[in-house]
Amino acid sequence: MTAVLHQLEVPMRSKQSAIIHRPARGRRGLACWMVLPSRVAADAVPLIAVHGIQRGAYEKATLLRRRAEALGRPVIAPLFDQETWPHYQQLVRKGRADLALLALLEELRIEGVLQGPKFDLFGHSGGAQFAHRFAMLYPHLVRRLIVGAAGWYTFPDSAAFPLGLAARPEQRDDWGPRMAAGLERFLRLPIRVYVGEFDNQRDDNTRSGPEIDQQQGIDRLTRAKRWSRAVEEAAKARGFTPNVSLQVLPGCAHHFSDCVAHSALPHLVLPDNGDTDLSQTATLKA
Amino acid sequence: MNTYRSQFTASLDGAKWAFSTRRVRRSDVVGISDRVEEARSGDLVLGRVEKIGSHKRLQLTSGRGSELYPEDLVVVACGDRYAPDQFEGIARIDRRSADLLASGGVLGQMRQKNGKMAMPTSIVPVGLLTDATGRVVNLSSYAETAAQPSDRPAVIGLVGASMNSGKTTAAAALTNGLRRAGHRVGVVKITGTAAFGDFNAYVDAGAHYVSDFVDAGMVSTYRQSISEIESALDLLLGQAGQANCDVVVVEFADGILQSETAALLRSDHVREQVPNFVFAVPDALSAIGGTTVLAEIGIEPLALTGVLSLSPLASAEAEAATGLPIWTRDALCDPAKANALLAGATSTAPLCEVAA
């Protein structure tokens with residue numbers, strides 16, 4: 001690990017961890033911020049924390065730093081730049097954000113920053129859109145999924161992609177059916193959904209229209225509730241015990257920093273007990 | 001019987017050891033027998049190149065092709081070969097001259113050839129190589145040992161309508177896509193003739209584990225018993241599991257009408273081990289005929305691929321006629337798409353209706 005650190009830009013280092021910016025490798029490479037604890041637990045599962053459309057990767061790293069230090073778990077916050085990945089939330093559009101993340105993770109494993117194939121995947125707002133869709137395409141890579149305050153979702157139903165998993169009309173070769181192929185494995189994942197209590201106002205960034213409003217509701221709070229329920233029902237319909245929970249953060253609105261300031265959100269994202277079992281999921285309080 | 005042992009191994013240093021002999025521990029070879037007529041499949045043969053024919057290179061154990069010259073000494077394995085585009089030959093050695101049936105190092109007697117092929121390279125057998133007990137060294141002594149992996153990997157089979165229908169390209173592309181999707185991928189070529197082309201293609205594609213029937217002790221699967229090939233499949237899948245692969249692509253050589261491949265596809269044991277198949281075809285008509293043949297034995301492929309997929313028009317014809325999706329090489333190389341193909345192989349649950 002030491003050899004690796006010397007080659008990287010290290011803007012902030014403490015006794016407990018270093019926050020490191022890793023520049024993109026190549027024109028289509030993905031940059032990231034990394035929290036690398038000084039002591040990494042032997043069984044540490046890294047957390048991939050995906051930013052919203054404000055592209056606050058550094059904010060994710062800094063606000064999760066203390067928990068990463070306490071648990072000895074690396075945090076990787078990729079930075080999807082606007083020019084290369086303008087619609088990274090939808091994963092498979094221009095620039096293929098999914099492939100960029102896969103390539104970054106492979107490089108980090110080669111460099112010794114990451115161990116093992118699996119990680120916890122967390123996203124807030126636009127990052128939550130990315131996170132749940134990534135987990136639908138690659139459920140075998142995700143140990144635990146944390147979906148925070150997404151503007152809208154891909155539902156595990158027969159609506160046309162990207163609202164659901166059916167192919168769009170006139171699209172012989174569509175992404176919805178590909179996500180549907182891995183749905184059983186996705187539905188077995190521990191999925192933690194959260195949204196702010198006051199995140200119930202439609203804003204300029206809320207995608208709206210008759211179809212999506214009817215399927216998902218008109219605001220993030222309603223949409224989080226409906227998506228969580230849909231995932232739960234889809235799991236039950238297949239005979240699985242759902243492992244999905246929804247937490248409404250008391251006193252919180254939409255912004256990540258706001259949610260961190262007014263709740264124990266970092267403990268939901270990086271819990272003490274790993275929280276892969278629903279019975280261990282703690283309820284967050286302000 | 002004439003067997004010579006003294007100072008023998010040193011004289012083999014200058015010989016070209018074919019890829020088919022890659023598992024042999026050379027120090028085991030201490031003698032030579034001139035009873036070449038008794039050679040059976042898998043026996044090691046020391047030969048001298050007599051006349052260069054269609055195979056102008058010999059694939060070496062190092063993984064590169066070596067230009068052949070008259071009088072070269074070669075170490076190859078006696079074996080059968082079935083290749084509609086090249087030769088059909090059997091594991092029989094004539095004292096006067098034998099045929100190089102495959103550049104991977106398979107020596108036998110040609111029975112028939114494709115009209116486009118020149119005559120095979122002829123090799124004069126010097127003798128069969130023997131070990132310290134005087135027994136002829138045979139590839140079967142160097143098979144992998146059985147493994148008992150804790151987890152059983154997912155398995156996708158790759159079959160084709162014919163030789164050169166695009167199986168290897170498809171299997172390599174799928175391997176690459178699955179690897180990039182984060183899987184540990186194994187590739188097993190379960191039937192065919194020893195050669196490094198496919199083996200190297202899978203290594204190049206990023207497979208974490210690659211093996212073929214040579215690793216199960218066979219130089220070729222043509223004219224081998226089905227139960228022996230079934231055992232080889234078990235052995236190599238076990239090895240792939242031992243190598244911590246979570247998915248294994250199994251390639252069956254030649255076409256689905258080839259005798260061993262046809263029998264294996266009808267085998268309950270094989271179907272249990274390889275529950276899903278991707279079907280490589282050269283054209284739309286092969287797609288229709290091939291899927292009909294497969295349907296008769298209860299196989300509905302996950303998808304069609306191969307040379308067909310290069311042509312949008314042929315693909316449209318095949319898709320309309322069979323209802324099966326057509327996967328191009330690029331699609332198979334895409335991690336998300338390859339992963340969906342794998343997931344689709346194990347999941348058929350319908351979607352729920354749109355939520356209210």
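**Exercise 1. Helix 4 of chain B**

Task: In this predicted model, compare the span expected for helix 4 (residues 226-242) of chain B, at 1.5 Å a residue, with the distance between its end C-alpha atoms, then state which of its residues are buried and what they pack against.

Solution: Begin with the length: the 17 residues of helix 4 of chain B should span 24 Å, and because the end C-alpha atoms are 24 Å apart, the expectation and the model agree. Next, list the buried positions of helix 4 of chain B, which are B:Ile229, B:Ala232, B:Leu233, B:Leu235, B:Leu236, B:Leu237, B:Gln239, B:Ala240 and B:Gly241. Then look for their partners: these buried residues pack against strand 13 (154-160), strand 14 (185-189), strand 15 (209-212), strand 16 (247-255), helix 5 (259-266) and helix 6 (268-273) of chain B. Finally, go past the end of the helix, where B:Asn244 follows with a positive phi, near 65°.

**Exercise 2. Helix 2 of chain B**

Task: Carry out the length check for helix 2 (residues 167-180) of chain B, and determine how many of its residues are buried.

Solution: The 14 residues of helix 2 of chain B should span 20 Å at 1.5 Å a residue, and the end C-alpha atoms are 20 Å apart, which agrees. As for burial, 14 of the 14 residues of this helix are buried, so helix 2 of chain B is largely enclosed by the rest of the structure. Just after the helix comes B:Gly182, with a positive phi of about 100°.

**Exercise 3. Chain B as a whole and its two domains**

Task: Test the radius of gyration of chain B against that of a compact globule with 356 residues, and describe the contact between domain 1 and domain 2 of chain B.

Solution: A compact globule with 356 residues would have a radius of gyration near 21 Å, and chain B has 21 Å, which agrees. Set beside this the spans of the C-alpha trace of chain B along its principal axes, about 85 × 45 × 30 Å. Chain B contains ten helices and 18 strands, and 54% of its 356 residues count as buried. Of the contacts in chain B with a separation of 6 or more, 75% join residues 24 or more positions apart.

Turn now to the domains, which the assignment for chain B gives as domain 1 (3-139) and domain 2 (154-346), with C-alpha centres 29 Å apart. Their contact takes 23 residues from domain 1 of chain B and 18 residues from domain 2 of chain B. On the domain 1 side, the residues divide into nine nonpolar, nine polar and five charged.

**Exercise 4. The contact between chains A and B, and the largest nonpolar core**

Task: Describe the side of chain A that touches chain B by its helices and by residue class, then locate the largest nonpolar core.

Solution: Count both sides first: 31 residues of chain A are in contact with 17 residues of chain B. Helix 3 (97-110), helix 5 (175-181), helix 6 (183-187) and helix 8 (220-237) of chain A each supply at least two residues of the chain A side, and the largest share, five residues, comes from helix 8 of chain A. By class, that side of chain A has 18 nonpolar, five polar and eight charged residues.

The largest nonpolar core has 202 residues, and those with the most contacts inside it include A:Met34, A:Val75, B:Val45 and B:Leu107. Domain 1 (3-139) and domain 2 (154-346) of chain B both give residues to this core, so the core lies between them. Leaving aside neighbours within four places in sequence, A:Met34 is in contact with several residues, among them A:Ile20, A:Val75 and A:Val113. A:Ile20 belongs to strand 2 (residues 17-22) of chain A and counts as buried because it has 20 C-beta neighbours inside 10 Å.

**Exercise 5. Backbone exceptions in loops**

Task: Give the backbone values and locations of A:Pro162, A:Glu170 and B:Arg223.

Solution: Recall the background, namely that most residues other than glycine have a negative phi and that most peptide bonds are trans. The peptide bond from A:Phe161 to A:Pro162 is cis, with omega near 10°, and A:Pro162 is in the loop between strand 7 (142-148) and helix 5 of chain A. A:Glu170, also placed in the loop between strand 7 and helix 5 of chain A, has a positive phi near 70°, and it counts as exposed because it has 6 C-beta neighbours inside 10 Å. B:Arg223 has a positive phi of about 70° and is found in the loop between strand 15 and helix 4 of chain B; with 14 C-beta neighbours inside 10 Å, B:Arg223 counts as partly exposed.

Technical notes:
Residues numbered from 1 in each chain as written. Chains lettered and ligands numbered in written order. Predicted model: local features only at pLDDT ≥ 70, side-chain atom pairs only at ≥ 80, totals over all residues. Helix = DSSP H or I, 4+ residues; strand = E, 2+ residues; numbered from the N terminus. Expected span 1.5 Å × (residues − 1). Buried ≥ 20, exposed ≤ 12 C-beta atoms within 10 Å, placed from the backbone. Contact = placed C-beta atoms within 7 Å. Nonpolar A, V, L, I, M, F, W, Y, C, P; charged D, E, K, R; others polar. Core = buried A, V, L, I, M, F, W, Y, C linked by C-beta atoms within 7 Å. Domains from an automatic or database assignment. Rg over C-alpha atoms; globule rule 2.2 N^0.38 Å.
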